[in-house]
Amino acid sequence: MHAEYESALDRLRADMAAHREDAAKRDRDNLRWLIGLWIAAVVILGVLIRL
């Protein structure tokens, strides 16, 4: 019984580690997108101001 409990905990730990990696990747991708959006907004505003 104890071995089953330990194996279930090991699977849970592995799943949680994979979930953390996926969340970190999504956060990094979202941050890159947000930075790109801000840069585009600044460029567009700069062009509009010059007109």
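**Walking along the chain**

Visitor: Is Leu 51 buried or exposed?
Guide: The relative accessibility of Leu 51 comes out at 81%. Buried means under 20% relative accessible area, exposed over 50%, and partly exposed in between (1.4 Å probe, protein chains only). So Leu 51 counts as exposed.

Visitor: What kind of model am I looking at?
Guide: Residues are numbered from 1 along each chain as its sequence is written, and side-chain values use heavy atoms, with hydrogens and water left out. Local features need pLDDT of at least 70, side-chain atom pairs count only at pLDDT 80 or more, and totals for chains, interfaces and linings use all residues; the model is predicted.

Visitor: How many helices does the chain have?
Guide: Helices (H or I, at least four residues) and strands (E, at least two) are DSSP runs, numbered from the N terminus. There are 0 strands here, and the helix count is 1.

Visitor: Which segment holds Leu 51?
Guide: Helix 1 covers residues 2-50. Leu 51 sits in the segment after helix 1.

Visitor: What is the radius of gyration of the chain?
Guide: The C-alpha atoms fill a box of roughly 75 × 5 × 5 Å along the principal axes. The globule rule, 2.2 Å times the number of residues to the power 0.38, goes with a radius of gyration over C-alpha atoms. A compact globule of 51 residues would come in near 10 Å, but this chain has 22 Å.

Visitor: How far apart are the C-alpha atoms of Leu 51 and Ala 17?
Guide: For a shorter stretch, take Ala 18 and Tyr 5: 13 residues apart in sequence and 20 Å apart in space, C-alpha to C-alpha. Leu 51 and Ala 17 are 34 residues apart along the chain, and their C-alpha atoms are separated by 52 Å.

Visitor: What share of the residues is buried?
Guide: Ala 18, which is found in helix 1, is partly exposed, with a relative accessible area of 36%. Taking the 51 residues together, the share that counts as buried is 0%.

Visitor: How many salt bridges are there in the whole structure?
Guide: Side chains of opposite charge can pair when their charged atoms come close. A salt bridge is a side-chain nitrogen of Lys or Arg within 4 Å of a carboxyl oxygen of Asp or Glu. Searching the whole structure turns up 2.

Visitor: Which residue forms a salt bridge with Asp 10?
Guide: The partner lies with Asp 10 in helix 1, 3 residues apart, about one turn of the helix. Asp 10 is partly exposed at 44% relative accessibility, and the partner is partly exposed at 48%. The closest N and O atoms are 3.1 Å apart, and the partner is Arg 13.

Visitor: What is the N to O distance between Lys 25 and Asp 29?
Guide: Lys 25 and Asp 29 are 4 residues apart in helix 1, so about one helical turn separates them. Lys 25 is partly exposed at 46%, as is Asp 29 at 33%. Their side chains meet in a salt bridge at 3.0 Å.
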